[in-house]
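Dear colleague,

I am passing on the structure below, which you have not worked with before, together with some notes on what I found in it. Please keep the model open while you read.

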Amino acid sequence: MDERESSESPIEAKKTKSKTARKPKETVLKQKSPAEFFAENKNIAGFDNPGKSLYTTVRELVENALDSAESISELPVVEITIEEIKKSKFNSMIGLVDRERVDAALYDDYETEKAREKRLAKEARAQEIQAKNATLGKKVKEVSASKGIKGRGEASFYRVTCKDNGKGMPHDDIPNMFGRVLSGTKYGLKQTRGKFGLGAKMALIWSKMSTGLPIDISSSMRNQNYISFCRLDIDIHKNIPHVHLHEKRDSKEHWHGAEIQVVIEGNWTTYRSKILHYMRQMAVITPYAQFQFKFVSDAPDKNVTVRFARRTDVMPPIPLETKHHPSSVDLLLIKRLITETSKQNLLQFLQHEFVNISKPFAERLIGEMGPDFSPKITVKSLTSQQIVRIHQLFRQAKFDDPSGQCLSPAGEYNLRLGIIKELNPDMVATYSGSAQVFEGHPFIVEAGVSIGGKDVKQGLNIFRFANRIPLLFEQGADVVTRTAQKRINWSSYKINQIQDKIGVFVSIVSTKIPFKGTGKEYIGDDITEIASAVKYAIQQCCIQLKSKIVKKIQAREQQERKRNLSRYIPDAAGAVYNVLKEMTQLQASKKSRYGNDDDVELLRKVSEKLITKETLCEKLAKHVEQVDYEMALEYATHSGVSEEPREPIYIQSLEAENNMIDLHSPFFVFRVLQ
């Protein structure tokens, strides 16, 4: 017995030991700050890669600049500069000394002997093919220089600077406005340009992740005799600003606005076209703004300078903050409104915290809620069950639609000006719809369709805008693209979808843009109200264009008819004149008599050379003009095109500053002096 026990004991001891080693550790509850979350999920905010990060940084800074200027009704002047920073210069900026490579094979861009032989063999084959093509007389393409292997660590750095003439920022608020994620002045139910409310904060986070350098902010407000300067970065784990320098500096220029400078990793080569395309589209939707864009590099041939001039001084109204519509709220929002309201009873709460609920209608709603509710019940004493009952009634009851007075569309006048300024099309039509509603949120759709123009490809060229900002990515799934490609019968409007250069511009503004996808780059096709409004707006533009195209076709056909008839005028006039001369000779020899006085008079004029071949040509030309005009008028009548005389009207600009009222029209803005 003892021997068996002793022989089994080591095995049991091993089992016991192994069980002890596999004992799981205690789980620790961790919490992430908002800044840490967006740093780890930067693709959500449009910072997928260095190239797109550069594009998104430019976009955020430009949109902040426009918002700032428009908030004080100042015509925006925005200067954006991207300066390329070489690796050696970047290292000197951060105090890092360049060091030569010691072990070349250690690096990712090291080319092995085998890879080098393969590359040289490929180049030799390409040269051999080139020589053979040259011998045969074929077109020879230049052999591009072989590119070395680019390592993962070869980053490109850029200093992005954006300066505006906007409102500026209070001195003490600057650190929190830039160094604390999900804090700002734009939160509330109103039309805003931003998608996440991050603004330049995400550019600061990307700067900290890619370069470690802080952001520089200079700001000054109206009637302020100093400039606030702040250099800071962000403590990502605590979501608080880390201020390096915050001081007031003398201001002698009386400038107001903000200048933001940030150094980030980026890729100008791959996103150059996107950034320039964005600036061009922004100039289309905001023709009242002036943009100055510069790209600065050590290589002069890479430098880019583009100026988008202001075309008008008519600005859209400032978007207004509004209250929630009852059909658009959820349980969580109702509870938050109850917590934040200053109203005491339920009747006052319903009247003042929601739109389109009058006092009589609020009393009807309370009566429908049940015996547990009364107009005088204290709103903060409502139980969870009672709040659920309110929410259920909000979803089932019928409310008037919210008005679109809180929205600020670009305006048909500005949209038309922007299209003409940037594309210079042969013809353009615009349309601005009335306010409509989806899920309790008002929205307005504006559209423009152009034919021809500079830098426009054949076929459909889609330009999408949401709350007056361009959308450049994920175009194929967007409601505008799908509507233009699949739901519009272009041929019925005399437009060739394949051969014509068609520009389709659609701008949607709302208190809630129903973006799809993590990057919020397109509007879904699943909301019937928006899809129908987009289709109707494009169709209205096409109807306007059809009348213009019909007139153009009519003019072309009229010109062709006139050219064909005019071609035979000399021959016809000569033949008629020869007949008249022969008749004159017969009458003179008394071989033929004409009893009609008109005929005799005509022959007399021919014999006296009062009527010549040139006279007949002139008469026939006038007759052709008259017949051609009558045929064109009949064609226009049958085609439904009104023949109204139109003359261009030129009005001189008003240089003196006066109090004026603007009366808007799709084609002009008429100003009345007060």
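Which residues does Tyr271 touch, not counting residues up to four places away in sequence? In this predicted model, the residues in contact with Tyr271 on that count are Asn49, Gly51, Lys52, Tyr55 and Phe473. Tyr271 lies in helix 8, and it counts as buried because its relative accessibility is 14%, where the cut-off is under 20%. Although Tyr271 and Ser53 are 218 residues apart along the chain, their C-alpha atoms are separated by 9.5 Å.

Helix 8, residues 268–285, also gives the largest nonpolar core its largest share, 10 residues. That core has 66 residues, and those with the most contacts inside it are Ile82, Phe178, Trp268, Phe291 and Phe293. Leaving out residues up to four places away in sequence, Trp268 touches Leu54, Ile82, Tyr158, Ile275, Phe293, Phe295 and Val304. There is also a second, separate core of 36 residues, which includes Val445, Ala484, Ile530 and Cys542.

The other element to look at is helix 12, whose buried residues are Gln386, Ile387, Ile390, His391, Leu393 and Phe394. Seen down the axis of helix 12, these buried residues fall within an arc of 165 degrees, so they line one face of the helix. They pack against helix 9 (331–340), helix 10 (346–353) and helix 11 (359–369), whereas the face turned away from the buried side carries the exposed residues Gln385, Arg395 and Gln396. With 13 residues (384–396) at 1.5 Å a residue, helix 12 should span 18 Å, which agrees with the 19 Å between its end C-alpha atoms.

With best wishes

How values were computed
Residues are numbered from 1 along each chain as its sequence is written. This is a predicted model: local features need pLDDT of at least 70, side-chain atom pairs count only at pLDDT 80 or more; totals for chains, interfaces and linings use all residues. Side-chain values use heavy atoms; hydrogens and water are left out. Helices (H or I, at least four residues) and strands (E, at least two) are DSSP runs, numbered from the N terminus. The expected span of a helix is 1.5 Å times one less than its number of residues. Buried means under 20% relative accessible area, exposed over 50%, partly exposed in between (1.4 Å probe, protein chains only). The arc is that of the directions from the helix axis to the C-beta atoms. Contact means heavy atoms within 4.5 Å. A nonpolar core is a set of buried Ala, Val, Leu, Ile, Met, Phe, Trp, Tyr and Cys residues joined through side-chain atoms within 4.5 Å.
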